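The following note was prepared for a colleague who wishes to review the structure shown below. Its points pass from the chain as a whole to two selected residues.

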Amino acid sequence: ATKDKEKSFIQDELLAISKNNNDYIGGNINGSITMIEFIDYRCGYCRKSHAEVQRLVDNNPEIKFIVKEFPILGDQSLLAAKASIAILIHQGKSAYEAFTEKLLKYNGVLDFNSISNLLETVGANPPQLKPLIESKKVHEIINNNYLFATNLKISGTPTFIIGTEII
């Protein structure tokens, strides 16, 4: 019964994702294989696996790749996740890809100044993004990601869901 419950949570979430435009979707948006990654930009394993995940997506034209910001390593993670979601909403996919790529390679402290500098390097305007970073919408997206993870008993990053299997 637990497996069925998990499957239905995942299917409901995939349906929501296809409707709400709140999540980053890379790879083939019409791909037959869905892969979701729960990511924390401060997580060493997420950073290490990033290039491998990119290769996998690039080399498999059937993968629809969805990212769920799942900041579990404190305030710096939370700020990075909020900024990533804000840039996705405000400037779209390519700015999000460029920004998160830089986030995953950045080794300093993540505070509003360092995040602002990273945002500027991808052509974003931090003062313009600040209200969105702290907006109710961004908080709701992160809360929904936590809820989804909790329903599936996901507590670590990176966690992948391929189809309806949790890995």
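**Note on the predicted model**

1. In this predicted model, residues 24 or more positions apart in sequence supply 75% of the contacts in the protein chain, counted among pairs with a separation of 6 or more.

2. As regards secondary structure, the protein chain contains 7 helices and 5 strands. Read from the N terminus, their order is α-β-β-α-β-α-α-α-α-α-β-β. The sequence of elements thus opens with a helix and ends with two strands.

3. The overall dimensions agree with a compact globule, because a chain of 167 residues would then have a radius of gyration near 15 Å and the protein chain has 15 Å. Along the principal axes, the C-alpha atoms occupy a box of roughly 45 × 35 × 30 Å.

4. Of the 167 residues in the protein chain, 46% are buried. The exposed surface of the protein chain comes to about 8,600 Å², of which carbon and sulfur atoms contribute 52%.

5. The charged side chains of the protein chain comprise 18 positive and 19 negative ones. The centres of these two sets are 1 Å apart.

6. Is Ser49 buried or exposed? Ser49 belongs to helix 2, which spans residues 44-59. Its relative accessibility is 16%, and the cut-off for burial is under 20%, so Ser49 counts as buried. The side chain of Ser49 also approaches the backbone oxygen of Cys46, at 3.3 Å.

7. Which residues are in contact with Ser49, once neighbours within four places in sequence are left aside? They are Glu37, Pro158 and Phe160.

8. Pro71 offers a second case, located in the loop that joins strand 3 (63-69) to helix 3 (75-91). Although Pro71 is in a loop, it counts as buried because its relative accessibility is 5%.

9. The surroundings of Pro71, with neighbours within four places in sequence again left aside, consist of contacts with Ile39, Asp40, Ser77, Leu78, Ala81, Ile142 and Tyr146. Among them, Ser77, Leu78 and Ala81 have numbers that fall in the range of helix 3 (75-91).

10. How far is the C-alpha atom of Pro71 from that of Leu15? These two C-alpha atoms are separated by 23 Å, and the residues lie 56 positions apart along the chain.

Methods: Residues are numbered from 1 along each chain as its sequence is written. This is a predicted model: local features need pLDDT of at least 70, side-chain atom pairs count only at pLDDT 80 or more; totals for chains, interfaces and linings use all residues. Side-chain values use heavy atoms; hydrogens and water are left out. Helices (H or I, at least four residues) and strands (E, at least two) are DSSP runs, numbered from the N terminus. The radius of gyration is taken over C-alpha atoms; the globule rule is 2.2 Å times the number of residues to the power 0.38. Buried means under 20% relative accessible area, exposed over 50%, partly exposed in between (1.4 Å probe, protein chains only). Contact means heavy atoms within 4.5 Å. Accessible areas come from the Shrake-Rupley method with a 1.4 Å probe; for residues, only the protein chains shown count as cover. Lys and Arg count as positive and Asp and Glu as negative; His and the chain ends are not counted. The place of a charge is taken as NZ of Lys, CZ of Arg, CG of Asp or CD of Glu. A polar contact is a pair of N or O atoms within 3.5 Å; within protein, one must be able to donate a hydrogen and the other to accept it, and residues adjacent in sequence count only if both atoms are side-chain atoms.
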